[in-house]
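Please take me through this structure in plain terms. I have not seen it before and would like to know what to look at.

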Amino acid sequence: MKMLFHRTAVTALFLALLAVTAATARSKKSVPQQNDREYWVEMAVRLAEPVLEPMSRGELQKTMQTEYSPTFDKRDRSVVYMETFGRLMAGIAPWLSLPDDDTAEGKQRAQMRQWALASYRNAVDPASPDYLRWGRSGQNLVDAAYIAESFLRAWDALWLPLDSITKQRYLKEFRNLRSIDPPYTNWLLFSSTIESMMAKAKGAYDQYRVNSAIRKVEEWYVGDGWYSDGPQFAFDYYNSYVIHPMYLETLQAMRDARANTRIDYNKYYARAIKRTQKYAIVLERLISPEGTFPAVGRSIPYRMAAMQPLALLAWYGQLPGELPQGQVRAALTKVMHRMFDSAENFNAGGYLTIGFCGRQPYVADTYTNNGSLYMTSLALMPLGLPASHAFWTDAAQPWTQVKAWSGQPFDKDHVWRDDTPQIRDKW
């Protein structure tokens, strides 16, 4: 009886602290009380509007307040615009895929989608001031992949409505990127994401660039849900930023395309989902009771992109049983508040500043500009679930570290072993 009372009291205290934290942060801004979804939508609009509104008019490159790493290398600085647009769209595409409605959110979403479709057209129109200058830099391969990924994440809402000329322009630009030789790392998945998207679009695609990337990622699996980023393992968040999501999406796109090659995409996909689920369990355990997570590895200014696999699995409806939906939502919302409510994350033009939690330019790598940072939008994918979905309606629950540090029972962690038999080529 005493233990039951203790658990109930701790949970009640947790919920009270969440409410007080959120109310305090919002009272400072003098805004009405919000639920979690309203806060997430506010964040999506805050990220998207300064990008999509001017780009829809062909004026992003004229008006964007850009920032570059203090150690920025000699690459073409105009890559900032493709990075900004591609990474933003990959994060908010699931939200824009929801149908229109008459709610306040629905009206905002419809406006963002309208601006996005116009921006997609400008991005490949050589006559537009916001043409993205494709092929100027090897970096274009990276951010073209995020544009392709945005199409994969909202096919009916963002790809199919484009006019035929715009679609052909995208396929042409994507094909031209084959001249870029990707490094022997996660970059292989940028090529495979683009090529598999073209396969789904029934365009000509390079089967070898898809299948060789799949084979290399399989060779780089090191166990317990982790892949090596190339031949050598590095402890960073590139499993979150690129490897798990783009590997799953490459496999899914090939399934959608009904591609008949030597690789059995269905079997590879089923195994990759299980690995992503184990990795997501680890990610959730990295979120402290205060809503922080370790700032380790390179590219840390990508902020909440470190949590992308949790967001992706929530949107897919594939969270593992160890991670209830209300628990994941509460944890991610706490991180979002901790990162964005008080720190100086946006510049005077409304664009992201370089930093992890605020303005911290010297944590940037040589390739980082403030367009790079729109990777943080990748944590917003659960907005692609309707407001009536259990992810949004289930009661908030304490996440693992809250339980662990408050004396509550919590699931012990364990090694996940891949029990899938060897997957052989079909012929």
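Phe85, Tyr120, Trp134, Phe151, Trp155, Trp159, Tyr170 and Phe174 are joined into a cluster by ring pairs. The model in which this cluster appears is a predicted one. A search of the whole structure gives 28 aromatic pairs. In one of them, the ring centres of Phe151 and Tyr170 are 5.2 Å apart and the planes stand at 85°; because an angle over 60 degrees counts as edge-to-face, that is the class of this pair. Phe151 belongs to helix H6 and Tyr170 to helix H8, which covers residues 164-176, so the pair links distant parts of the chain, 19 residues apart. Phe151 and Tyr170 are both buried.

Another aromatic pair is formed by Tyr237 and Tyr241, with 6.4 Å from centre to centre and 55° between the planes, and this one is tilted. Tyr237 has a relative accessibility of 3% and therefore counts as buried. Tyr241 is buried as well, its relative accessible area being 1%.

Helix H6 leads on to the packing of helices. Two packed helices are described by the angle between their axes and the distance between those axes. Helix H6 spans residues 139-153 and helix H9 spans residues 187-200; their axes come within 8 Å and cross at roughly 40°. H6 and H9 are therefore oblique to each other, and their crossing is left-handed. On the H6 side the contact involves Gln139, Leu141, Val142, Ala144, Ala145, Tyr146, Ala148, Glu149, Phe151 and Leu152. These meet Trp187, Phe190, Ser191, Thr193, Ile194, Met197 and Lys200 of H9. Sorted by class, the residues of the contact of H6 with H9 are 12 nonpolar, 3 polar and 2 charged. Phe151 thus has a place both in this contact and in the aromatic cluster.

Lys200 of helix H9 deserves a separate look. Is Lys200 buried or exposed? With a relative accessibility of 17%, Lys200 counts as buried, because the cut-off for that class is under 20%. Apart from neighbours within four places in sequence, Lys200 is in contact with Leu152, Trp155, Ala253, Asp256 and Ala257. Among these, Leu152 is a residue of H6 and Trp155 is a member of the aromatic cluster.

Helix H11 comes next, with Thr250 within it. Thr250 counts as buried, at 0% relative accessibility. Leaving out neighbours within four places in sequence, Thr250 is in contact with Leu189, Ser192, Thr193, Ser196, Val210 and Ile214. One of these, Thr193, is also among the H9 residues that meet H6. Thr250 and Leu378 are 128 residues apart in sequence, and their C-alpha atoms are 17 Å apart in space.

After H11, which covers residues 238-256, a loop runs to H12, and Arg262 lies in that loop. Arg262 counts as partly exposed, with 42% relative accessibility. When residues up to four places away in sequence are not counted, Arg262 touches Arg215, Asp425, Lys426 and Trp427. The C-alpha atoms of Arg262 and Leu98 are separated by 35 Å, and these two residues are 164 residues apart along the chain.

A second helix pair is made by helix H12, residues 265-285, and helix H13, residues 308-316. H12 and H13 pack at an angle of about 125°, and their axes are 9 Å apart. H12 and H13 are therefore oblique to each other, and their crossing is left-handed. H12 contributes Tyr269, Ile273, Thr276, Gln277, Tyr279, Ala280, Leu283 and Glu284, while H13 contributes Pro309, Leu310, Leu313 and Tyr316. The contact of H12 with H13 holds 9 nonpolar, 2 polar and 1 charged residues.

The backbone offers a last topic. Most residues other than glycine have a negative phi. Arg303, however, has a positive phi, near 55°. Arg303 sits in the loop between H12 and H13, and is buried, with a relative accessible area of 0%. Arg133 likewise has a positive phi, near 55°. Arg133 is in the loop between helix H5, residues 104-123, and H6. At 27% relative accessibility, Arg133 counts as partly exposed.

Key:
Residues numbered from 1 in each chain as written. Predicted model: local features only at pLDDT ≥ 70, side-chain atom pairs only at ≥ 80, totals over all residues. Heavy atoms only, no water. Axes fitted to C-alpha atoms, helices over the stretch in contact; angles between N-to-C directions. Helix = DSSP H or I, 4+ residues; strand = E, 2+ residues; numbered from the N terminus. Parallel < 35°, antiparallel > 145°, perpendicular 65-115°, else oblique. Left-handed = near helix turned anticlockwise from the far one by under 90°. Contact = heavy atoms within 4.5 Å. Nonpolar A, V, L, I, M, F, W, Y, C, P; charged D, E, K, R; others polar. Phe/Tyr/Trp six-rings, centres within 6.5 Å; stacked < 30°, edge-to-face > 60°. Buried < 20%, exposed > 50% of the residue type's maximum accessible area, 1.4 Å probe, protein only.
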